[in-house]
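Please prepare a short briefing on the structure shown below, suitable for a first-year student. It should be arranged by topic and written in whole sentences.

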Amino acid sequence: MENVRPNVLIVDDDVQALETMSLYLAGISEVFTATGGRQAIEVVQQQHMDVILLDVDMPGMNGFKTLEQFRKLKECINVPVVLVTGKRDKDTVMNSVVLGVDGYLAKPVDKETLRQKVMEVFEEKSSRENRKTILAIDDDMSYLKIIDSYLHDDYNVIIINSAKLALNYLIKNTPDLILLDYQMPLYNGANVMNMIQRNLEGSQIPVIILSGVLDREALQECYACKPAACLVKPVSKEVLIETIESSLNG
């Protein structure tokens, strides 16, 4: 990784903080800046980013709201985000954990700590590029977090809590396997599978259906779409991983 310079976006409404962090990172990365959430969204839609440094306390659209918008964009759905904030309260730290950020730095950040964190996150991202990618679709974000905790050590896990957003993601991305909730608003699992399978590439992706209820009618509807497997929630880590490995191996 010695000669690879990651693209880093720094988002902060404090111009002095932007300038300082930019200077700190200039020697090891290509630096882009944004003074607010809306400008940051425009930047990530125009330029590929490897790491995002995101201030929490910004006017209009704070860091948490900005992060939520990032995760709705196909260009940014899996880009690692490190929160940089002057706040050290328990709620801020807990929100960071819940939203699944890749790091947390308290202001003022010293040069070596910032550089080390950026390269650590970037190298971890690069090491995941040879892993299989699992797309998990479920309207229950808390359950998606459980799935992510089961799988993130062995797979690249993309979590999306909307069938519509998932279908948008699949337009330009082809995961190795899909975990699909059967009971979602607007579209159930069978509807989503039908839409995925209309695409030639999508028709080759193994799909595992997850559902809190798998009665006879639901099973008939699911199996008509030929999923790789159907599992009843809650599913154990061991059973899920075993089913995924079996499905990936055909």
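C230 counts as buried because its relative accessibility is 15%, and the limit for that class is under 20%. This value, like the others in this briefing, is computed from a predicted model. The points below treat the cysteines, then the two sheets with their helices, and lastly selected residues and peptide bonds.

**Cysteines**

- C76 is likewise buried, because its relative accessible area is 1%, and the class extends to anything under 20%.
- How many disulfides are there? The count comes to zero, where a disulfide requires a pair of cysteine sulfur atoms within 2.5 Å.

**The sheet from β2 to β5**

- Strands of a sheet pair through backbone hydrogen bonds, and the pairing may be parallel or antiparallel.
- One open sheet has five strands, arranged in the order β2-β1-β3-β4-β5, and its pairing is parallel.
- Which strands lie at the edges of this sheet? They are β2 (30-34) and β5 (103-106), each of which pairs on one side only.
- From one strand to the next, the twist of this sheet averages 20°.
- Within the sheet, strand β3 (residues 51-55) is paired with strand β4 (residues 81-85) through four bridges, in the parallel sense.
- L53 illustrates this pairing, as the residue standing opposite in β4 is V82.

**Helices α2 and α3**

- Two packed helices are described by two quantities, namely the angle between their axes and the distance between those axes.
- For helix α2 (residues 37-46) and helix α3 (residues 63-70), the axes come within 10 Å and cross at roughly 25°.
- Why are α2 and α3 described as roughly parallel to each other? The description applies because their axes cross at roughly 25°, and angles under 35 degrees count as roughly parallel.
- The crossing of these two helices, α2 and α3, is right-handed.
- T66 is found in helix α3.
- With a relative accessible area of 0%, T66 is buried.
- T66 and V121 are 55 residues apart along the chain, and their C-alpha atoms are separated by 19 Å.

**The sheet from β7 to β10**

- A further open sheet of five strands follows the order β7-β6-β8-β9-β10, again with parallel pairing.
- Its edge strands are β7 and β10 (229-232), and each of them pairs on one side only.
- The twist in this sheet averages 20° from one strand to the next.
- Strand β6 (residues 133-137) and β7 run parallel and are joined by five bridges.
- Two residues of this pairing may be located in the model: I134 has V157 in β7 as its bridge partner, and I137 stands opposite I160 in β7.
- Is strand β7 (residues 156-160) mostly covered or mostly uncovered? Strand β7 is mostly covered, since four of its five residues are buried.
- In a regular strand, the side chains alternate between the two faces of the sheet.
- Together, β6, helix α6 (residues 141-151) and β7 make a β-α-β unit, and this unit is right-handed.

**Helices α7 and α8**

- Helix α7 (residues 163-172) packs with helix α8 (residues 189-197) at an angle of about 15°, and their axes are 11 Å apart.
- Helices α7 and α8 are therefore roughly parallel to each other, as the class covers angles under 35 degrees.
- The handedness of the crossing between α7 and α8 is right-handed.

**Residue E112**

- E112 has its place in helix α5 (residues 111-127).
- Is E112 buried or exposed? E112 is exposed, because its relative accessible area is 52%, and exposed means over 50%.
- Although E112 and Y24 are 88 residues apart in sequence, they are 8.2 Å apart in space, C-alpha to C-alpha.

**Cis peptide bonds**

- Most peptide bonds are trans.
- K107 and P108 are joined by a cis peptide bond, with omega of about -10°.
- P108 belongs to the loop between β5 and α5.
- A cis peptide bond also joins K233 and P234, where omega is about -10°.
- Where is P234 found? P234 is found in the loop between β10 and α10 (237-248).

Note on methods: Residues numbered from 1 in each chain as written. Predicted model: local features only at pLDDT ≥ 70, side-chain atom pairs only at ≥ 80, totals over all residues. Heavy atoms only, no water. Buried < 20%, exposed > 50% of the residue type's maximum accessible area, 1.4 Å probe, protein only. Pairing = 2+ DSSP bridges. Right-handed = clockwise from strand over helix to strand, strands pointing away. Axes fitted to C-alpha atoms, helices over the stretch in contact; angles between N-to-C directions. Parallel < 35°, antiparallel > 145°, perpendicular 65-115°, else oblique. Left-handed = near helix turned anticlockwise from the far one by under 90°.
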